[in-house]
Amino acid sequence: MRTKSTKQNKINVVTLGCSKNVYDSEVLMGQLKANGKNVVHEDPEDDGNIVVINTCGFIGKAKEESVDTILHYAQRKEAGEVDKVFVTGCLSERYKPDLEAEITNVDQYFGTHDLPNLLKVLEADYKHELIGERLTTTPQHYAYLKIAEGCDRPCSFCAIPLMRGKHKSTPIEELVIEATKLAESGIKEIMLIAQDLTYYGLDIYKKRALADLLKELVKVEGIEWIRLHYAFPTGFPMDVLDVMREEPKVCNYLDIPLQHINTEILKSMKRGTTHEKTTDLIKKFREYVPNMAIRTTLIVGYPGETEEQFQELKDWVEEMRFERLGAFEYSHEENTGAYVLEDDVPDDVKFRRVNEIMEIQSQISWELNQEKIGKTFRCLFDRKDGEYYYGRTEFDSPDVDNDVIVDAREHYIKLGEFIDIEIFDAGDFDLHGVPTVKQERPIPLNKKKK
């Protein structure tokens, strides 16, 4: 028979899924800390006696990972290794009744809008005054800034509105307060995230206000890079490009998932655009900001996708020469618009199509990288791994994009600092370089300078 531990409560928050979930976990942890709770994020010692799992329910593989993680901690609870297990986030929002019936050893399940109730069972009070207060889990020099919740788009393949609800923008003044607090804590780069950046402001200002937000955020002292993630192509506010072109703090970078290019598939996906409109939009981006890095994602194997339509997608990828691109297999999700369609593209065909797209992109990326050899870029360095430092240009977001690699045996670089790096070699995705100015290594405390 398992017995409850007698040690002081320690809450271990485990985060699965996207950067928006990371942000939500940080807000939860900030609230818990303000209530005097002992809280950690994905404790490497794994010794928290209370576990909160922030789940992802976006596509099949993410759901499997979330379920496996819940089962892992439910089993640890059964073995007496943890006292309580709570589950929150997208999977719990979407499948709460099923989870409660199938995994009964979890103490309680919460949805994506249940933060006050989750805090209550953790014996904490929700503090409304904590605008911008959160425990960041990213490296000390960059952080995510979620500017809106939910989504009003009708995309047929996407379950996000089922889990996150309608679009709700956060007022500019609150975001400026949050960015200021991040800067005061040492953050130098903020990445604006939302289900849809393009829609920002329509609900509260009755206009697309992303450009207005950027104009206020660039005034925050200490923030040096502002990066845009997850814009929607239809209705994109072109005044954002004016700010990007005029304000050095706004990175020449845009993450804009386009999903496909065949007009028939785009119509079935309910994307509100066509092959021609999408191509014209990308050309306008490059006309307005010629050195912009565009990141996009594509879905292959959507119901009914023929070899001809897939060939059209491949030809278009070769034509557009995106700086950054990812491809994913279509996932047939319950209660989405596309779920009534037959998931008729075999898994092996989906897998092949992903690989074919990424082979094309690898060649494009290699060719674009060769053009960088001999040039110098301002880079922000995130980590040291083994004998190498890993940093990024303004054209790269952490975890998903290219690295700039410097040999730590020959050079010293202070992490979290901007350094000018001259590129001397390049592969498919990563760049290799050397600092243009030598940094002095810190003197060990037990040694004196001669």
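**Domains, a pocket and a helix pair**

In this predicted model, the centres of domain 1 and domain 3, taken over C-alpha atoms, are separated by 34 Å.

Trainee: What are the bounds of the domains in this protein?

Mentor: The domain assignment gives domain 1 as 11-122, domain 2 as 142-370 and domain 3 as 375-435.

Trainee: How do you know which domains line the second largest pocket?

Mentor: A residue counts as lining if it has an atom within 4 Å of a pocket point, and the lining of the second largest pocket draws at least three residues from each of domain 1 and domain 2. This pocket has a volume of about 1100 Å³ and is lined by 39 residues, with Tyr 23, Val 27, Leu 115, Tyr 126 and Lys 146 lying nearest its centre. Helix 1 (19-34) supplies the largest share, seven residues, while helix 4 (115-121) and helix 6 are among the elements that each supply at least two.

Trainee: What makes up the lining of the second largest pocket, in terms of nonpolar, polar and charged residues?

Mentor: The lining divides into 13 nonpolar, 13 polar and 13 charged residues.

Trainee: Why is the crossing of helix 6 and helix 7 called right-handed or left-handed?

Mentor: The crossing is right-handed, because that name applies when the near helix is turned clockwise from the far one by less than a right angle, and the axes of helix 6 (residues 172-184) and helix 7 (residues 210-217) cross at roughly 35°. The contact is made by Ile 172, Leu 175, Val 176 and Ala 179 of helix 6 with Asp 212, Leu 213, Glu 216 and Leu 217 of helix 7.

Trainee: What makes two residues of this contact count as charged?

Mentor: Asp and Glu count as charged, so Asp 212 and Glu 216 of helix 7 are the two charged residues, beside six nonpolar and no polar ones.

Methods. Residues numbered from 1 in each chain as written. Predicted model: local features only at pLDDT ≥ 70, side-chain atom pairs only at ≥ 80, totals over all residues. Heavy atoms only, no water. Axes fitted to C-alpha atoms, helices over the stretch in contact; angles between N-to-C directions. Helix = DSSP H or I, 4+ residues; strand = E, 2+ residues; numbered from the N terminus. Contact = heavy atoms within 4.5 Å. 1 Å grid on protein atoms, 1.4 Å probe; cavity = no way out; pocket = protein on both sides within 12 Å on 5 of 7 lines; lining within 4 Å. Points joined across faces, edges and corners; volume = space filled by probe spheres on them. Domains from an automatic or database assignment.
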